[in-house]
Every structure is written in structure tokens, then in C-alpha cells.
Amino acid sequence: MIHVTDARRSRLYEELSTESRRYLAAYVLFNQALADHLGLHPTDVQCLSLLTAEPEPLTVKQIADMTGLTTGSATRLVDRLERGGYVVRAPDQQDRRRVLVTPVPDRLARVTAVWDDLGPAWQALLDGNTEDELEVIIRHMREAYDLSHAQMQHLRSRPKPD
């Protein structure tokens, strides 16, 4: 006999599975719309987001690791961003063999302006949550970020299905 809380948990997992698929699809489609609006590739938008979330400039290898791209694909991504004026490459002052990729603030203002327009609606979405609930959301996002990277590595290590 299934315990009542087991049945409820099972139903919640099923509901969470459905809603997470909808959420992820909506996010991917939103990212595509944002990229289209800016005239960028969706991966470029995400790379800019990751670059601006880091306290220091990154190497192309670090960008590849963060995005799950090969170093060749990450190089092409940085090439596109550099051509668009969104990033610059500069030698690392600590290790002249390394090249660092740095966002260009003036050019990023173009992306920031879009977020300034859209941001209040996203903020309002969270305004109804308590501080404890916000901490749960933050913890979940951090854990999902880590799991996503582990899963990307796992997928890349396996043969592709027929």
C-alpha cells in the first residue's frame, strides 16, 4: 500500500517534471528571442551573461569549460563577440602566454538596455517570495548549474545514439 505522502510526492515529481520541461523550453525560446532582438547567436548571449557574472576576465579554455563547448567552438564564439565589439582579447599580465577575454562595457550597454526594459517584470515574479523561499530558489539554481555541467561532461563522453 502506498503511503499518502509517497503518493503526494510522486504526484509532485510528475508535476515538477512537466513544469520544468515547460520552464526550460520557455527559457530557451526566450533566449532565442533575445538573441534575435540583439542580432546575436543564442550561445553568444549566454556567453556574455557568463562573462559578466565572473569577477575576472577568462581565457578561451575557461569559456569552453563554462559553456561545455570545444575549445575550437569557444574560439569561434569569442571571434564573433570580438567582431561585434562585445569583448576584447588581451595578454594576461601575470602569464604572457595566456590571452584573456574581457567584456567591453560600452558595447554591453546595448544588452543592459534590453534587460533594463525587461527586468522589472522578472523582479516582480520574485517579489511574492519570502526571503527563505528566495534562498531555496538560489540553492536550487546553484545545484542545477553544477549538475548541468556534470551532465554535459557525461553526455560528451558517451557515443551519440544512432
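Start by selecting helix 3 (residues 60-67) together with helix 4 in this predicted model. Their axes come within 8 Å and cross at roughly 110°, so helix 3 is roughly perpendicular to helix 4. If you like to think in packing terms, two packed helices are described by the angle between their axes and the distance between the axes.

Now show side chains at that crossing. On the helix 3 side, pick V60, K61, I63 and A64; their partners in helix 4 are T71, A74, T75 and V78. Sorted by class, this contact of helix 3 with helix 4 has five nonpolar, two polar and one charged residues.

Keep helix 4 (residues 71-83) on screen and add helix 2 (residues 42-53). Here the axes come within 10 Å, with a crossing angle of roughly 85°. That makes helix 2 roughly perpendicular to helix 4. To see who touches whom, select T43, D44, C47 and L48 in helix 2, then L77, R80 and L81 in helix 4. The class count for helix 2 with helix 4 is four nonpolar, one polar and two charged residues.

Next stop: strand 2 (residues 99-103), where you'll find T102. Is T102 buried or exposed? Neither quite: T102 has a relative accessible area of 26%, so T102 is partly exposed. Setting aside residues up to four places away in sequence, T102 touches P57, Y86, V87 and V88. While you're there, put a distance label between the C-alpha atoms of T102 and T59: you should get 9.0 Å, although these two are 43 residues apart along the chain.

Move on to helix 5 (residues 105-127) and look along its length. A straight helix of 23 residues would span 33 Å at 1.5 Å a residue, but helix 5 spans only 29 Å between its end C-alpha atoms. Where does helix 5 bend? Click on L118: helix 5 bends there by about 45°, and a proline, P120, follows within four residues.

Then colour L108, V111 and V114 in helix 5, which are buried. An α-helix has 3.6 residues a turn, so residues three or four places apart point the same way.

Finish at the loop between helix 5 and helix 6 (131-157), and select N129. N129 has 26% relative accessibility, so N129 counts as partly exposed. Which residues is N129 in contact with, leaving aside its neighbours within four places in sequence? Show L134 and I137, and you have them.

Terms used:
Residues numbered from 1 in each chain as written. Predicted model: local features only at pLDDT ≥ 70, side-chain atom pairs only at ≥ 80, totals over all residues. Heavy atoms only, no water. Axes fitted to C-alpha atoms, helices over the stretch in contact; angles between N-to-C directions. Helix = DSSP H or I, 4+ residues; strand = E, 2+ residues; numbered from the N terminus. Parallel < 35°, antiparallel > 145°, perpendicular 65-115°, else oblique. Contact = heavy atoms within 4.5 Å. Nonpolar A, V, L, I, M, F, W, Y, C, P; charged D, E, K, R; others polar. Expected span 1.5 Å × (residues − 1). Bend = angle between axes of the 7 residues up to and from the residue. Buried < 20%, exposed > 50% of the residue type's maximum accessible area, 1.4 Å probe, protein only.
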